[in-house]
Amino acid sequence: MALMRSMLLAASQNVWLREHAVNYPFVRKSVSRFMPGETLDAALGAAQALLEKKIGSVFTHLGENVADRNEAHKVAEHYGEVLNRIHELNLPTEVSVKLTQLGLDLSPDFCFGNLEQILQRENGKSIVWVDIEASNYVDVTIEIYRRALAKYQNVGLCLQAYLYRTKKDLADLLPMRPSIRLVKGAYKEPASIAYPKKQDVDANYFALAQEMLRAKAAGQCVRAAFGTHDVALIRRLSDYVSQQGFAKGDFEVQMLYGIQRAEQERLANAGHRSIVLVAYGSYWYPWFVRRLAERPANLWFMLRNVFGS
Ligand SMILES: Cc1cc2nc3c(=O)[nH]c(=O)nc-3n(C[C@H](O)[C@H](O)[C@H](O)COP(=O)(O)OP(=O)(O)OC[C@H]3O[C@@H](n4cnc5c(N)ncnc54)[C@H](O)[C@@H]3O)c2cc1C
């Protein structure tokens, strides 16, 4: 399983595969399980359908490592248009951005300017989430996040439970009243910086999540969101939430579109904050292969599409 995960994560970085695999009908059919379509309209349609089930949404326009200033600037403009459409339709949808898509590889200042443009377009009530990428970007992402949070309250950051450093990163951020989305982590990282065993990642996730909930109760964490599909972990956390006497609506779980749909609905019906991250756009290959690596059984699903298409 670990070998398969490593191979898939290596494949997610392969340029030849990125350019060719996306043209195969069975690959395109498989990706449709994780995204409603490539267009913003498809994402808006999905958000409306989710809202009927009392499920909120976060949009992400797929793309990463943009190396051209114009292109990175266009991404920021695109998110501005997305926020306009969301506001026009009165949807409670937020957005989540990748800093490397906003030009982080070109310059942190340029990237900050693009992030700031998006933050200024948001009306202040909703959070603009910042994704966290591979470990070589963590320091600079946190630096940009701190700079943004010092000026704008409505910015949130994703942190990864597989990194040893995250306990300290969280503790250092709490005095600034951040919004945090905790995930396990989706990249290939060495054992020198990340827990190699799943049970240790899960244990660290639970410990960090408890710290986030306590910080939320103390008014130190504006939003404490848990980005996971791990139902056993979600049950342990919701038990902790009720033992500690938190309001049900204070427990927020974010999942990816198409994964654990029944659990998304169960959480919403139980009065918790259930949110689905809806990805769209044409640059889906690396993102999709990371989804395969999270659950290699998804490969069988893809292979079934070879014969079905
Ligand atoms: C809202 C959200 C935002 C995220 N943002 C980031 C980010 O910014 N940076 C980052 O590094 N990572 C991000 N991730 C990905 C995250 O790091 C994990 O790789 C991913 O969530 C899988 O871990 P898990 O917590 O679901 O637990 P796991 O233990 O991996 O999975 C638990 C169970 O969930 C189901 N499951 C998990 N993944 C899949 C899948 N792909 N397909 C089908 N079933 C699946 C399976 O039933 C599995 O047994 C995000 C995830 C979510 C939900």
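Begin by selecting Arg 85 in this predicted model, where the residue turns out to be partly exposed, with a relative accessible area of 30%. Arg 85 belongs to helix α5, which covers residues 69-88. If you then show the residues around Arg 85, leaving aside those up to four places away in sequence, you will find that Arg 85 touches Leu 40, Asp 41 and Leu 44. To see a long distance across the model, add Val 201 to the selection: Arg 85 and Val 201 are 116 residues apart along the chain, and their C-alpha atoms are separated by 38 Å.

Next, move to strand β2, residues 94-97, and pick out Ser 96. Is Ser 96 buried or exposed? Its relative accessibility is 0%, and because buried means under 20%, Ser 96 counts as buried. Beyond its sequence neighbours up to four places away, Ser 96 touches Val 58, Phe 59, Thr 60, Tyr 79, Trp 129, Asp 131, Arg 181 and Leu 277. Keep Arg 181 highlighted, since the next stop uses it.

Now display strand β5, residues 179-183, together with β6; the two strands pair in the parallel sense over three bridges. Arg 181, one of the contacts of Ser 96, stands opposite Ala 225 in β6. Look along β6, residues 224-227, and notice that Ala 224 and Phe 226 point one way while Ala 225 and Gly 227 point the other way, although all of these residues are buried.

For the cysteines, select Cys 158 and Cys 221 and draw the distance between their sulfur atoms. How many disulfides does a search of the whole structure find? The search finds zero. Cys 158 is in no disulfide, and the nearest cysteine sulfur to it, that of Cys 221, is 13 Å away. Seen from the other end, the closest cysteine sulfur to that of Cys 221 is the one in Cys 158, at 13 Å, which is too far for a bond, because a disulfide needs the two sulfur atoms within 2.5 Å. Cys 158 counts as buried at 4% relative accessibility, and Cys 221 is buried too, with a relative accessible area of 3%.

From here the tour turns to empty space. Rolling a probe the size of a water molecule over the atoms shows where such space is left. Show the largest pocket, which holds about 1,400 Å³ of space. Its lining is made up of 48 residues, and to find its centre you can select Arg 5, Lys 184, Gly 185, Ala 186 and Glu 294, which lie nearest to it. Several elements each supply at least two residues of this lining, among them α1 (2-11), β4 (155-160), α9 (198-217) and β7 (252-256), but the largest share, five residues, comes from α12. Sorted by class, the lining of the largest pocket has 22 nonpolar, ten polar and 16 charged residues.

The second largest pocket has a volume of about 300 Å³. Of the 16 residues lining the second largest pocket, the closest to its centre are Ser 12, Gln 13, Glu 64, Asn 65 and Arg 290, so these make a convenient selection. Both α1 and α12 supply at least two residues of this lining, which divides into eight nonpolar, three polar and five charged residues.

Which residues line the largest cavity? Select Thr 60, His 61, Leu 62, Gly 63, Glu 64, Lys 98, Gln 101, Asp 131, Tyr 283, Pro 286, Trp 287 and Arg 290 to see them. The structure holds one cavity of 30 Å³ or more, and about 70 Å³ of space lies in the largest cavity. At least two lining residues come from each of β1 (56-61) and α12 (285-294), and α12 gives the most, with three residues. The lining divides into four nonpolar, four polar and four charged residues.

Finish at Trp 287, a residue of that cavity lining that sits in helix α12. Trp 287 counts as buried at 5% relative accessibility. Leaving out residues up to four places away in sequence, Trp 287 touches Phe 34, Met 35, Leu 62 and Ala 279, and Leu 62 is also listed in the lining of the largest cavity. As a last selection, add Leu 9: Trp 287 and Leu 9 are 278 residues apart along the chain, yet their C-alpha atoms are separated by 10.0 Å.

How values were computed
Residues numbered from 1 in each chain as written. Predicted model: local features only at pLDDT ≥ 70, side-chain atom pairs only at ≥ 80, totals over all residues. Heavy atoms only, no water. 1 Å grid on protein atoms, 1.4 Å probe; cavity = no way out; pocket = protein on both sides within 12 Å on 5 of 7 lines; lining within 4 Å. Points joined across faces, edges and corners; volume = space filled by probe spheres on them. Helix = DSSP H or I, 4+ residues; strand = E, 2+ residues; numbered from the N terminus. Nonpolar A, V, L, I, M, F, W, Y, C, P; charged D, E, K, R; others polar. Buried < 20%, exposed > 50% of the residue type's maximum accessible area, 1.4 Å probe, protein only. Contact = heavy atoms within 4.5 Å. Pairing = 2+ DSSP bridges.
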